[in-house]
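Good morning, colleagues. Please look at the sequence and the fold on the screen while I go through a few local features.

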Amino acid sequence: MTDALIIPAEAVRSWEYEADVAVVGAGGCGMVAALSAAELGAQVLLIDRDRKGACNTARSGGMIPAGGTRFQRAAGIAESPEDFALEILAKNGGQSPRDLTFALCRRAPELVHWLEDRQRVRLELVTDFRSPGHTEYRMHAPPERTGAALFAMLREAVHREANIQLALGANGQGLVAAGGAVVGVSVESGSAGEFVRARKVILALNGFGGNPPLVVQHIPEMAGVLYFGGEESTGEGIRWGQALGAATAFMDAYQAHASVAQPGGTLVSYAVIMQGGIQVNRLGRRFADETLGYSEHAVGLARQPDRIAVEIFDQPIYEQALQFPDFRACVEQGVVKRAQTVAELAGLFGLPAAELERTVEGYNAANRTLAPDEVGRRPSGRPLTPPLYTVPVTAALIHTQGGLVVNQHAQVVTPEGSPIPNLYAGGGVAAGVSGHGPAGYLSGNGLLAALGYGRIAVKHCARALAREHS
């Protein structure tokens, strides 16, 4: 097997497999793409080197954002996909391409309904808290509220589909091309190198968060920060596209998180913060408005002493957070502590008691007077009352949001905007809709782009395949 990222078709001696559509990457994007293609009658080969299912979809909160769904209407929420798109653009300062942003948001309601109705993915509208940056309840999640549950239901759907051949432990090595058009994929399975001929190829791999040199190159502020994404996020798909002349964009964009329990390494639900919890550093001081977004807040946390903050919340917040499996895991691991007083809480972590007392009282005073607090956070109107709960957390890099530029059909394009024939991308391989840096990430953008591009790509694939058949 050659080490080249692009293999000329004339160098292929034999094709071991053939498929209408080859999907490289069997995470959320890849499974949605494969299921969509198979449903339309295509023969699909879905390959992934990862046998454990440790992708970013599985590690996410499993929350798919969509505006204009029947779930929202049943809850009395009247909004359109365009309303949702405008909030994404507001969050990223208008940096993401407007046409792509609107295309994803317009696809999102159909995606949610299709998952529920055709693929037996159980979803419900989350209405007990709004994710940062959202003005409406628009997160659709499994009842378990975990990405692992979403991943498992998608994988079950893949196994039910006769038109999908799932090849795990198959390591994609590069693309096969002829005259600038993609005609297949080179794959390493075990020690053998094989070639797959495909009429359409969809790159659905993860981004590059698990590749430290690329992180240093593109997002140096996250160098050395805990990586909490899929282990297979090493950037190969992006490099393959670049080798074919594809454009890239937003390579400095990423989603970080400001609430990974230490020790334990479990993602603490950000509902703790959005319901009224706060974070303090080792000095007992708050350092930013925690509600602006967990992605940008993580950058501030990464600058604190030891990259550690202590989350503080009370009994009502604790009880509400118990509905999230990850939070229950934190409780079971013993990292969530309880204290009757602020002074007792300070003693649990060696925080300066007087400074912590001042911080908590300042936050409570702002909530009693409904005035913005010392970091500019808008008050919830409910002060924290004993008993208090606390968990130490650190910042983490979750996944990257930059990658290959795609058009409204999820086709990979050159810097001039010309589609590379037969090549599509989604998930972490494709440039997302979060603009530059971490602050443009609106909660759910990752799954929106991953699953949405998977669905969009196949719609165009199907039309192209039909034309080729006729």
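In which sense do strands E19 and E20 pair, and over how many bridges? The model before us is predicted, and in it strand E19, residues 411-413, pairs with E20 in the antiparallel sense over 2 bridges. Gln411 has Tyr424, in E20, as its bridge partner. The hairpin that E19 and E20 form has 5 residues between the strands, and Gly417 in this hairpin takes a positive phi near 90°.

I turn next to the surroundings of E20. This strand covers residues 419-425, and because 5 of its 7 residues are buried, the rest of the structure largely encloses it.

Contacts to this part of the chain also come from Val201. Neighbours within four places in sequence aside, Val201 is in contact with Asn422, Leu423 and Tyr424, and further with Ala22, Val24, Leu175, Val182, Gly184 and Val185. Val201 also belongs to the largest nonpolar core, which has 146 residues; together with Leu115, Leu203, Met222 and Ile312, Val201 touches the most other members. Helix H15, residues 445-469, supplies the largest share of this core, with 12 residues. As a general point, nonpolar side chains in soluble globular proteins tend to be buried together.

My last item is Thr69, in the loop between strand E4 (64-65) and helix H3 (70-74). Is Thr69 buried or exposed? Its relative accessible area is 0%, so Thr69 is buried. A polar atom of the Thr69 side chain lies 3.1 Å from the backbone nitrogen of Gln72. Beyond four places in sequence, Thr69 is in contact with Pro109, Val112, His113 and His140.

Methods
Residues are numbered from 1 along each chain as its sequence is written. This is a predicted model: local features need pLDDT of at least 70, side-chain atom pairs count only at pLDDT 80 or more; totals for chains, interfaces and linings use all residues. Side-chain values use heavy atoms; hydrogens and water are left out. Buried means under 20% relative accessible area, exposed over 50%, partly exposed in between (1.4 Å probe, protein chains only). Helices (H or I, at least four residues) and strands (E, at least two) are DSSP runs, numbered from the N terminus. Two strands pair if DSSP finds at least two bridges between them. A nonpolar core is a set of buried Ala, Val, Leu, Ile, Met, Phe, Trp, Tyr and Cys residues joined through side-chain atoms within 4.5 Å. Contact means heavy atoms within 4.5 Å. A polar contact is a pair of N or O atoms within 3.5 Å; within protein, one must be able to donate a hydrogen and the other to accept it, and residues adjacent in sequence count only if both atoms are side-chain atoms.
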